[in-house]
2 protein chains.
Amino acid sequence: MLLDGKAVAASIDSRTAQWGSILKELGVVPSLAIVSVGDNDKNGAYERSIIKKCEKIGVRTLRYKCPESLSGDQFKNLLGNIREDGCIVMRPLPSHLDKPEIYSCIRPDQDVDGITDASLAWVFTGRGVGFPPCTAQSCMELLSYYGMGLSGKRVSIIGRSLVVGKPLAVMMDRENATVTLCHSKTNNLEQICKESDIIVSAVGKPGFLPLDCFRDGQIVLDVGISYDNNGKICGDIDFAAIENRVAGITPVPGGIGAVTTSVLMSHVVEAAKKRVMKG
Amino acid sequence: MLLDGKAVAASIDSRTAQWGSILKELGVVPSLAIVSVGDNDKNGAYERSIIKKCEKIGVRTLRYKCPESLSGDQFKNLLGNIREDGCIVMRPLPSHLDKPEIYSCIRPDQDVDGITDASLAWVFTGRGVGFPPCTAQSCMELLSYYGMGLSGKRVSIIGRSLVVGKPLAVMMDRENATVTLCHSKTNNLEQICKESDIIVSAVGKPGFLPLDCFRDGQIVLDVGISYDNNGKICGDIDFAAIENRVAGITPVPGGIGAVTTSVLMSHVVEAAKKRVMKG
């Protein structure tokens, strides 16, 4: 079965739009600050897809376009003064700015992209304020959309970043999955994967996962996004080689990546709801 | 091989005492606030062992003994005013006080027991300020003492508390182990454990782990502490049944539990060092 990210996104969008209408009746328009620094073509496509989705859902966007020369203090000052419901910083940033200490100037209740240490702490402890990283939550939303419960399931996650692998491991554990977090130093990756009911690959290298990792009946989420030798977008997994073998797999593109902006929107509307509830 | 917690503790103590002497020459005496609420016999033994260890290492102790009737606000106020290098709250607390929100009034740089959300966030993200929970770190110290590297090793941790299992999973991952976090909803626990090089059990039920979990060559850390039908202290694992089968195992008592106060002392001295360095 093809696990279709666009269908998941449509379902999330419809839920989010309903809440958007309710807020509109209360006179509240959810808003998102989009902060970018310098010119970055890689950002461009993602930024445009966010803006398009905001228009569709009825989220007001404010774009903060900063010069490449922005200093760390200026950046912190900017982030600290953002008053929109949510705030997303387009990455990659220039290397002189790319520091968690700078991100920490985003208020946790505005951190709709789930990148601050406060949000990660919230994911890890289940306490405090924050949002889960959008890509990690996209995996959860996709499994939920297809009615795939996690309790008692064995999951292998390959890739241990703070953006996907680590928080997703905790989120799946909370749903009673038994999670093995794999990485570049893991031995017997094939065996570990083969024993798993669900495989999540978040490595970012074309065709990284050996075909021996897969068996009948598995659910495979390919979170990797990279480009093959022909410049074509592709995931960590040789889709064509295993699609008929496993029980379900996400394509790249059109899989997890197609869900992230919808999750981001749901967070912005959630942030606006909380603002209303606070009074 | 018997993995002897007392030997590990002695090694940590000797390191800590050396730092204690250096600080003494600088006119600094590390200090620990021990906060207890109400009468609690279970706490008593642990509290006494901490005080004894403090005397041995040269750490000044201040005991804050509060009445059972202490309110949450009074407790927060007390915690916020502690000026010792480190602060440990004896648990269990009366249920009206046992809240992470209250613990959060311990400053992260004083949180030598590693129980605040800030410390857990520090463990999870590797950023910020804090200390690892003492029991989790005791496991790491024991493996390090016996020269057991973690890179590329498969580890099963049974029990996913925020005090032991979850932070230990992250700490072992950071040393390049491949960690599977198991719990009450895990299927095929025996198989998962059998494939592991290292098993850490942190459940707290006498003889919880089935004997089928074990095979030749494994390292087994028994973090569970409970009491059998005869009131005798015991771990999660039937020690006598497997001690000659596996490559190394910690006894209960005399294993991981024998290391924790030494780790606590090392944290107190570390906190004092940081105070000195701050000027």
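**Warm-up**

In chain A, A:V37 stands opposite A:C66 in β2(A). This is a predicted model, where local features need pLDDT of at least 70, side-chain atom pairs count only at pLDDT 80 or more, and totals for chains, interfaces and linings use all residues. Residues are numbered from 1 along each chain as its sequence is written, while chains are lettered from A and ligands numbered from 1 in the order in which they are written.

**Exercise 1.** Work out which order the strands take in the open sheet of three strands in chain A.

*Solution.*
- Start with the pair from the warm-up: β1 (residues 31-37) and β2 of chain A pair in the parallel sense over seven bridges. Strands here are DSSP runs of E, at least two residues long, and helices are runs of H or I with at least four, numbered from the N terminus; two strands pair if DSSP finds at least two bridges between them.
- Now add β3, and the order reads β2-β1-β3, with parallel pairing.
- β2 (60-66) and β3 (86-89) of chain A have a single partner strand each, so one side of each is left without a neighbour in the sheet.

**Exercise 2.** Find where the two chains join in the open sheet of 10 strands.

*Solution.*
- Read off the order: β10(A)-β7(A)-β6(A)-β4(A)-β5(A)-β5(B)-β4(B)-β6(B)-β7(B)-β10(B), with mixed pairing.
- The strands β10 (248-249) of chain A and chain B stand at the edges.
- In the order, β5(A) sits beside β5(B), and these two pair in the antiparallel sense over three bridges. There, A:V179 stands opposite B:L181.
- Zoom out to the whole contact: 22 residues come from chain A and 22 from chain B, where being in contact means C-beta atoms, placed from the backbone, within 7 Å. On chain A's side, α5 (117-125) and β5 each supply at least two residues.

**Exercise 3.** Follow the chain B strands from β4 to β10, and say whether the residues of β7(B) are buried or exposed.

*Solution.*
- β4 (residues 154-158) and β6 (residues 198-201) of chain B pair in the parallel sense over four bridges; B:I158 has B:S201 as its bridge partner.
- β6(B) and β7(B) also pair in the parallel sense over four bridges, with B:V200 opposite B:L221.
- β7(B) and β10(B) pair in the parallel sense over two bridges, and B:I219 stands opposite B:G248.
- Side chains in a regular strand alternate between the two faces of the sheet.
- In β7 (residues 219-222) of chain B, B:I219 and B:L221 on one side and B:V220 and B:D222 on the other are all buried. Buried means 20 or more other C-beta atoms within 10 Å of the residue's own, exposed means 12 or fewer, and partly exposed lies in between, with C-beta atoms placed from the backbone.

Definitions and conventions:
Two residues are in contact if their C-beta atoms, placed from the backbone, lie within 7 Å.
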